[in-house]
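Hi everyone, thanks for coming. I'd like to walk you through one structure today, so have a look at it with me.

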Amino acid sequence: MSQIRLNTKQKEAVQYDGGDLLIIAGAGTGKTAVITQRIVHIIKKELAKPSEILALTFTEKASFEMKERVDIEMEYGYDEPWISTFHSFCDRILREEGYNIGLDGNYSLMSKAQEYIFLRKHVYELPLKTLLPKGNNAKFLNDLINHFSRLQDEDVSTEDYIKYAKSLPNKTKEEKLEYQKYKELSETYKKYSELKIEKSKIDFGDLIVLTLKLFRERPNILEKYRKQFKYILVDEFQDTNYTQNVLINTVKDGRRQKLTVVGDDDQAIYKFRGAAISNILQFKKIYPDAKEIVLTENYRSKQEILDSAYTLIKHNNPNRLEVTEKIEKKLIAKSVFKDNDKAVSLMVASNEVSEAEKISNEILKITGYESNGDILERTQVYDKSGQSALIDLGKDSMYDFNDVAILIRAHSHGDAIVQALRNAGIPYKLGGSRGLYFRPEIQNIISFLRILVDYSNEIAMYKLLSMNIWNLSVREYIEINKLARLEKTTLFEELEKLWSVKLGSDEIKDLKNVNSKIVERIFDAKAIAGISNLLLIIDESLKKIKDGRPIIEIVYDFIKNSGYIDSFLKEESSENIFAVSNIQKFFELIKQYEKDNSDTNIYEYVDYLNYCIEIGESPIVDQSEMEEFNGVNILTVHGAKGLEFPVVFLVDLVSQRFPAQNRGDAIPIPESLIKETYDTTMSNAEAHLGEERRLFYVGATRAKEKLYLTAAKYYGDAKTGKKPSIFLNEILDEKVIEDFEKIEKEKNIGVISIENYEPLVPKDMKVDLMRSFSYSQLRTYEECPRKYEYSYILKVPQKPSSVLSFGITIHNTLRDFYTILKRSKEGLEGMYKAPTLKDLLEIYDKSWISTGYESTKQEKGRKKEGKIVLEKYFENMYSEKQNPIRLEESFSVHFGDSMFNGKIDRIDRVKGNEVCIVDYKTGKEKSDANIKNDLQLPLYAVFTEAKFGFKVVEAKYVFIESLKEVSVDISDMRRNLAKEKLLGAIDSIRAKNFKPTPNSFLCSFCDYNSVCEFAEI
């Protein structure tokens, strides 16, 4: 049994038995020790049997740790109390009692990804008439799931939602649109809830909602549990949502049970997950007789850090317990520190690269490695995964690299820092990452599985061939890819042809003895052996699929026979051990999937994986295997909750980065349905700022001895300097604007400069980059140079898209339709009459492209919508007075040393030699700002005049689906700007400047996000 020393307030909280109790536990005050010791005290003093204690936590990890701590304190053989997460508690009840409300006790509990797939499968059974997107509905379905989840968080029943929708006014045009929107949403919420019960599937939100339904409709069952529990304890109470609080208050019955909640309103940082800070702020309104005990003795940080953090968080007054309950929450440091250096420091740099370099130099300094001229030569070492490590780490210093944490607000903010640490040879480890499916060692296996179910997936094939175990160079990949494109075949089929095999067939020759001059010309001996082995493995795997062998067997044979697992075992390192551990976890997940889905197959499993990745649901990676690895910790502030480090760097402290911009729900809940009662006088902006301030406070209080606050004046390619974060002024209690104003803008602003960024294509490899160029290439390069490198240099094909197929269908339809009009105006002996609506729809049917649609239902629905769109177009946008003289006119014009190619949808004669160029757009209408910045039509105006000799006096976009024409500025100034941008892009591409510019929104829609290590998903 362990001996835990408690201070006076902790002891009072543990031993209190007068009734309900609110423990306000500040950062580092021993909250976990108090709640576990309270459970032990209740049991040992025989105030209740273990089975009469209910303790609720938020994560399985927290639940496990609490059980473990209680177990250590107790004698062998004692009965265990009910210690679990909210969801596990409700799951236990529903499995036993759910039949009372018509719920099958053997229901399947769906993760968010499984919920997404279930919704997608039944989407056409839902009453969605106007809201379902015309193209890819993936984002909408994900937004819909989030919307339903938020309704569950607020305890909004299907009946409540339908009642609200029916109460809306329905007279004006705007009112009718709003009425229809919420009519569809509420009816869909009801239908979806019914479908889940019907199919014996529920989600995590349902666990709470259905348990409440059970208790409300079956009072006898509620009474059973009220009698069972004498003590109820809730950890991290500030993170409960409204519905979870309702559950607590429902099980709690007057004075019969004693309720203890532990939390800290200043550490409430999960509003985005539905957490309601009002629960802790208003606890005393529900339980006015509850005892309040405030823990303020901090056993983690220096007083200077605590004082600075307190100065910051006071700016959230009056919406803090310190004000509403008139208590003292200022933390008092109890730990003794030898180091008397300044604990809180500000570092301001010119740009993010300089900021990252200052951070790395400071880390070298405090760990005993002073930065000097030959630091790179002396320290820079990388393993195969790109992880860096210092040579000769043996030295005597106050801190190890493991003692240092760099806390970022968002994953994308770590790129420059990682690069700087690599350059300085500082070892590091990324925590709070996007999850298991995004780990490189797992992405390779997923690419293999994708190829087995769809050999035309060229992106997966590129990822697979890029694995080092096949010994294929970039040069060899480009050669084989070029050959495949010339022969209009896939890479998979091209390899089959070169090796003279048909993979998966019954009879196959010895693949390792290939006899082909083309193969010998393209590949060296090692690559031939590697590709031969890959093809053999694929062949064996396809046969196993045909025989119905388990997925786990196919994956095991792949990692074993390919030498993939051995590649991590050759050299023992923390990173390699970590990778093997992740592969093992992936195996366990496949086993569990096959156990839960006995009638599944590899096709359904890959579909499941794809949607997990698409919506960002990925199993958490356990970083505990990396704890012994002496590297700097890089993690998000949210991911650092509950952790502590001797040294903390809070970085990127400028406006719009920290605090981050406020992003509301894509489908917000109507305000009248939100039951959380916070401060109604606060605006959304003020509430968001308060949440961000609490997050900053959490980050600052992770530091034990040193807290560095860092910022840069310029980020990315910004022309204007950033303003310092408001939180800098607050935590330092002084204006820091002068520190920013004296910083001069330095050159080479950017996360990864051309000097230290290696393109995918080797620098010594000659590639004809600029034989031809188009506007789509310019747009791709501006969007992300890395994407351009994948698409136009490596020429990795993009996956088929229903949006692209529909766009091409409409373009081809209008081309053929206006061709009839053009010929009728040319008067070819009366052979052609002006086209009719019937002509338009017949052309549409003939032009239809089926590629890229997720299902036959989606394709039929989209085709029907397209027909309606064209009918409206004919009625509102078409006129026999239109005078098209060129249609789908392709051009090639010399531009510097390059050839610029393009295609103009329509050229209409205005008068004489003056023309208007028209470009069709399908999908969502562009914003005025996007149109103003768009340079496509100014460029096309330049080249139309150069190629055809017309004078372009007008240019416009025609948005087919919204029936709008928008004129575009093609003035000389816009044309010159377009030419400058084009020349600048060409020069950068010639210099092989393909530095990535990740963006969470663009990356989520990029076809290459599964192969690009910089992608933000």
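Let's start with the aromatic cluster: Phe118, Phe148, Tyr161, Tyr164, Tyr182, Tyr189 and Tyr192 are joined into it through ring pairs. Please keep in mind throughout that this is a predicted model.

Two names from that cluster, Phe118 and Tyr192, come back when we turn to a helix contact. Helix 5, residues 112-121, packs with helix 8, residues 173-198, at an angle of about 105 degrees, and the axes are 11 Å apart. That makes helix 5 roughly perpendicular to helix 8, as angles of 65 to 115 degrees fall in that class. Which residues meet there? From helix 5 we have Glu115, Phe118 and Leu119, and from helix 8 we have Tyr192, Leu195 and Lys196. By character, the residues of this contact are four nonpolar and two charged, with no polar ones.

Staying with rings for a moment, how many aromatic pairs does a search of the whole structure find? The search gives 42. Let me pick out a couple. Phe215 and Tyr225 make a tilted pair, with 6.1 Å from centre to centre and 50 degrees between the planes. Phe215 sits in helix 9 (residues 204-217) and Tyr225 in helix 10 (residues 219-228), so this pair links parts of the chain that are 10 residues apart. Are these two rings buried or exposed? Phe215 is buried, with a relative accessible area of 2%, and Tyr225 is buried with a value of 2% as well.

My other example is Phe817 with Tyr878, and this pair is edge-to-face: the centres are 4.9 Å apart and the planes make 70 degrees. Here the link spans 61 residues, from Phe817 in helix 34 (residues 802-826) to Tyr878 in the loop between helix 36 (856-876) and strand 18 (884-895). Both Phe817 and Tyr878 are buried.

Now for the sheets. One is an open sheet of six strands with parallel pairing, and its order reads 3-2-6-7-1-8. Why is one side of strand 3 and of strand 8 left without a neighbour in the sheet? Strand 3 (82-85) and strand 8 (291-295) stand at the edges, and each has a single partner strand, so one side of each has no neighbour there. From one strand to the next, the twist averages 15 degrees.

If you look at the strand 8 edge, strand 1 (residues 21-25) pairs with strand 8 in the parallel sense over five bridges. Within that pairing, Ile23 has Ile293 of strand 8 as its bridge partner. Lying across strand 1 and strand 8 is helix 1 (residues 8-15), which runs at about 145 degrees to strand 8.

Then we have another open sheet of six strands, with parallel pairing and the order 11-16-15-12-14-13. Its edges are strand 11 (344-351) and strand 13 (428-430); each has a single partner strand, so one side of each is left without a neighbour in the sheet. Ignoring direction, neighbouring strands of this sheet are turned by 25 degrees against each other on average.

Strand 12 (residues 404-408) pairs with strand 14 (residues 632-636) in the parallel sense over four bridges, and Ala405 stands opposite Asn633 of strand 14. Packing on this sheet is helix 16 (residues 352-366), which touches strand 11, strand 12, strand 14, strand 15 (645-650) and strand 16 (703-714). The direction of helix 16 makes about 140 degrees with that of strand 11.

That's my tour, and I'm happy to go back to any part of it.

Key:
Residues are numbered from 1 along each chain as its sequence is written. This is a predicted model: local features need pLDDT of at least 70, side-chain atom pairs count only at pLDDT 80 or more; totals for chains, interfaces and linings use all residues. Side-chain values use heavy atoms; hydrogens and water are left out. Two strands pair if DSSP finds at least two bridges between them. Helices (H or I, at least four residues) and strands (E, at least two) are DSSP runs, numbered from the N terminus. Axes are lines fitted to C-alpha atoms, for helices over the stretch in contact, and angles run from 0 to 180 degrees between N-to-C directions. Contact means heavy atoms within 4.5 Å. Angles under 35 degrees count as roughly parallel, over 145 as roughly antiparallel, 65 to 115 as roughly perpendicular and the rest as oblique. Ala, Val, Leu, Ile, Met, Phe, Trp, Tyr, Cys and Pro count as nonpolar, Asp, Glu, Lys and Arg as charged, and the others, Gly among them, as polar. Rings of Phe, Tyr and Trp (its six-membered ring) pair if their centres lie within 6.5 Å; planes under 30 degrees apart count as stacked, over 60 as edge-to-face and the rest as tilted. Buried means under 20% relative accessible area, exposed over 50%, partly exposed in between (1.4 Å probe, protein chains only).
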